[in-house]
Amino acid sequence: MLGSQVLLDVPDGWEALATVRGGVLPVELGDERPLLGGVDLAEPEDVASLVRWAGDFDAVIHCAAYTNVDGAESDEAAARRANADSCEVLARVCAERGARLVMVSTDFVFDGTASEPYTEDAPTAPLGAYGRTKLEGEERALAAHPDGCVVARTQWLFGPRGKNFPGTMLALARAGRPLRVVDDHFGSPTSTQALAPALWDLARLEAANGIYHAACEGRASWFELAAETFRLARLAPDLTPCTAADFPRPAPVPAFSVLNCARLADLRGGPLPTWRDALAAHLESSP
Ligand SMILES: NC(=O)C1=CN([C@@H]2O[C@H](COP(=O)(O)OP(=O)(O)OC[C@H]3O[C@@H](n4cnc5c(N)ncnc54)[C@H](OP(=O)(O)O)[C@@H]3O)[C@@H](O)[C@H]2O)C=CC1
Ligand SMILES: Cc1cn([C@H]2C[C@H](O)[C@@H](COP(=O)(O)OP(=O)(O)O[C@H]3O[C@@H](C)C(=O)[C@@H](O)[C@H]3O)O2)c(=O)[nH]c1=O
């Protein structure tokens, strides 16, 4: 989901090369976008060949990951490979080449017991395998490339391509399904369209270093996000709030993971848009 948006938002003066693991390219991006298939980013040989083939580069924005939060509980090794091994492989290559690495991470590195938005230096304590392996990726990337690695932690992503919560809600509602949605977990829904330019800034701005929280402004429960999605889409499904306990899932997840994004706003001269504005823009462009 996010990687395709980053590729669509290449800033003026930059050229980008994107990779996918399978041979199938996201054709809707257009044939002219430079995409390379068959690259496993956790495989040092694949990355070494890629770099030999691509030549000099200034930065890598690492969006690939194992994002099936529940699936990671029963296959942590696969999650670790995608979420941690790949970060170290890329960090080593970037360090050798003097290039910057921006790696995308998650609010799930926190345990969700806070009551105020998490700052970058708040203690991490992931509850499940997805968050644990993402945190390991952060640590291994920063250790391998201390002077040139930037970690961008984001959360609750939605966007025009790929599986995302507002899209799931719209599909279920259009299928006429009654919906019960968790109303006691809170985060900041964030659009890939708002986030991608911020990731490019983290890659471009020499002043950027260390960890940044990068999410849309404002907070919501999943229920509030569903309700706003239906309001904007002019749908009125049978929607009922429930607790997380009413909606059991394999992975333990944080109840409150709102991120304090002041550090990124200082760097860029302003915050990302509110999640409500970002959701409206998303639904206007992909109804
Ligand atoms: N979605 C969300 O709500 C959030 C996401 N994030 C982070 O943002 C980033 C982007 O997430 P999102 O766009 O949702 O991810 P997606 O799940 O949509 O896409 C992840 C991509 O990574 C690829 N991938 C996985 N392992 C490898 C590998 N070893 N080598 C090459 N490619 C690989 C997958 O390929 P394949 O199809 O072959 O498996 C897939 O195309 C991730 O780092 C994620 O952890 C952070 C917070 C929230
Ligand atoms: C489909 C459905 C989900 N839910 C709840 C379950 C869950 O708590 C919440 C969101 O469901 P998702 O499957 O989108 O959640 P999940 O995949 O856990 O979302 C997370 O993904 C990873 C990659 C991140 O990094 C996080 O920031 C976060 O976005 O909605 C309902 O309450 N009712 C429903 O009908």
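**A walk through the predicted model**

Over residues 38-284, the chain is 43% helix and 15% strand, and the C-alpha atoms at the two ends are 34 Å apart. The model is a predicted one. UniProt, in an unreviewed entry, lists these residues, 38-284, as "domain: RmlD-like substrate binding".

The interior comes next. In soluble globular proteins, nonpolar side chains tend to be buried together. Here the largest nonpolar core has 71 residues, and L90, L101, V102, A152 and L199 have the most contacts inside it. Helix α4 (residues 76-97) gives the largest share of this core, 9 residues. L90 can serve as an example of the packing: leaving aside residues up to four places away in sequence, L90 touches L41, V47, V60, H62 and L101.

Towards the end of the listed range lies another helix, α10 (residues 275-285), in which W275, A278, L279 and H282 are buried. These residues are on the same side of α10, because they cover an arc of only 100° around the axis. What do the buried residues of α10 pack against? Their partners are the helices α6 (165-174), α7 (192-204) and α8 (222-232), together with the strands β6 (157-158), β9 (190-191) and β11 (220-221).

The last stop is ligand 1, which is surrounded by 23 residues, the closest being M1, L2, A64, A65 and A82. Two or more residues of this shell come from each of α1 (2-8), α4 and β4 (100-106). Helix α4 therefore appears in two places, as the source of the largest share of the core and as a contributor to the shell around ligand 1. By character, the shell divides into 12 nonpolar, 8 polar and 3 charged residues.

Notes. Residues are numbered from 1 along each chain as its sequence is written. Chains are lettered from A and ligands numbered from 1 in the order in which they are written. This is a predicted model: local features need pLDDT of at least 70, side-chain atom pairs count only at pLDDT 80 or more; totals for chains, interfaces and linings use all residues. UniProt positions are given in the numbering used here, feature names are shortened, and annotations may be inferred rather than shown by experiment. Helices (H or I, at least four residues) and strands (E, at least two) are DSSP runs, numbered from the N terminus. A nonpolar core is a set of buried Ala, Val, Leu, Ile, Met, Phe, Trp, Tyr and Cys residues joined through C-beta atoms within 7 Å. A residue is buried if 20 or more other C-beta atoms lie within 10 Å of its own, exposed if 12 or fewer, and partly exposed in between; C-beta atoms are placed from the backbone. Two residues are in contact if their C-beta atoms, placed from the backbone, lie within 7 Å. The arc is that of the directions from the helix axis to the C-beta atoms. A residue is near a molecule or strand if its C-beta atom, placed from the backbone, lies within 6 Å of it. Ala, Val, Leu, Ile, Met, Phe, Trp, Tyr, Cys and Pro count as nonpolar, Asp, Glu, Lys and Arg as charged, and the others, Gly among them, as polar.
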